[in-house]
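Open the model in your viewer and keep the selection tool handy. We'll go stop by stop, and at each one you'll hear what to pick and what is there.

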Amino acid sequence: TLVFTRTKHKAKSLAIQLKKSGFSAVSLQGNLSQNQRRKAMTGFRTGSFKIMVATDIAARGIDVSGVSHVINYDLPDTVETYIHRTGRTGRADRSGHAYTFASSEDQKMISLIEKTLGKKMSNKSTLSI
């Protein structure tokens with residue numbers, strides 16, 4: 001599973017929260033050294049890490065064929081970024097799933113994404129807080 005966030009801080013803190021909850025997770029974000037990035041990518045490719053939490057800039061060039069799920073923890077700022085993110089799943093003739101967390105404040109971007117894709121995003125569940 002590949003999880004996308006907007007900020008380096010959120011990527012790091014979400015990966016830490018996932019680890020504390022018992023998941024094998026790692027973050028990939030701009031504050032990592034080249035060695036740390038390489039270790040994270042290698043671990044994700046080999047399956048040592050089941051979840052990678054990444055920012056868009058850090059995720060450029062991620063080409064891992066076994067990604068079954070992409071989660072947009074934060075909705076991206078552009079439709080192109082959304083398409084790039086969700087394109088990380090379902091590679092090499094495999095199927096994949098993309099999920100997006102959004103609130104009513106994100107409706108404008110959701111509408112732009114739907115218009116570009118030519119289809120509606122399904123609303124699996126609604127949570128009122």
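Start by colouring by pLDDT, the predictor's confidence in each residue, from 0 to 100. The protein averages 86, and 89% of the residues score at least 70. This is a predicted model, so local features need pLDDT of at least 70 and side-chain atom pairs count only at 80 or more, while totals for chains, interfaces and linings use all residues. Residues are numbered from 1 along each chain as its sequence is written, and side-chain values use heavy atoms, with hydrogens and water left out. Confidence peaks in α1, at 96, and is lowest in helix α3 (residues 56–59), at a mean of 75. Where pLDDT is low, the predicted coordinates should not be read in detail.

Now switch to a cartoon. You'll find five helices and five strands, running β-α-β-α-β-α-β-α-β-α from the N terminus on. Helices (H or I, at least four residues) and strands (E, at least two) are DSSP runs, numbered from the N terminus. Of the 129 residues, 36% are buried; that means under 20% relative accessible area, with exposed over 50% and partly exposed in between (1.4 Å probe, protein chains only).

**Stop one: strand β1**

Select residues 2–5, which form β1. Which side of this strand is covered? Both faces are: Leu2 and Phe4 are buried on one side, Val3 and Thr5 on the other. In a regular strand the side chains alternate between the two faces of the sheet. Add β3 (residues 51–55), which runs parallel to β1 and is joined to it by four bridges; here Thr5 stands opposite Thr55. Then add β4, also parallel to β1, with three bridges, where Leu2 has Val70 as its bridge partner. Two strands pair if DSSP finds at least two bridges between them.

**Stop two: Asp56 and helix α4**

Pick Asp56, in helix α3. Buried or exposed? At 17% relative accessibility, Asp56 counts as buried. Its side chain makes a polar contact with the side chain of Arg85, at 2.7 Å. (A polar contact is a pair of N or O atoms within 3.5 Å; within protein, one must be able to donate a hydrogen and the other to accept it, and residues adjacent in sequence count only if both atoms are side-chain atoms.) Leaving aside residues up to four places away in sequence, Asp56 touches Phe4, Thr5, Thr81 and Arg85, where contact means heavy atoms within 4.5 Å.

Follow Arg85 into α4, where Val79, Thr81, Tyr82, Arg85 and Thr86 are buried. They cover an arc of only 160 degrees around the axis, so they sit on the same side of α4. The arc is that of the directions from the helix axis to the C-beta atoms.

**Stop three: an aromatic pair**

Searching the whole structure turns up one aromatic pair. The ring centres of Tyr73 and Phe101 are 5.8 Å apart and their planes are at 70 degrees, so the pair is edge-to-face. Rings of Phe, Tyr and Trp (its six-membered ring) pair if their centres lie within 6.5 Å; planes under 30 degrees apart are stacked, over 60 edge-to-face and the rest tilted. Tyr73 lies in the loop between β4 (69–72) and α4 (79–86), and Phe101 in the loop between β5 (97–100) and α5 (107–117), so the pair ties together parts 28 residues apart in sequence. Tyr73 is partly exposed, at 32%, and Phe101 is partly exposed, at 45%.
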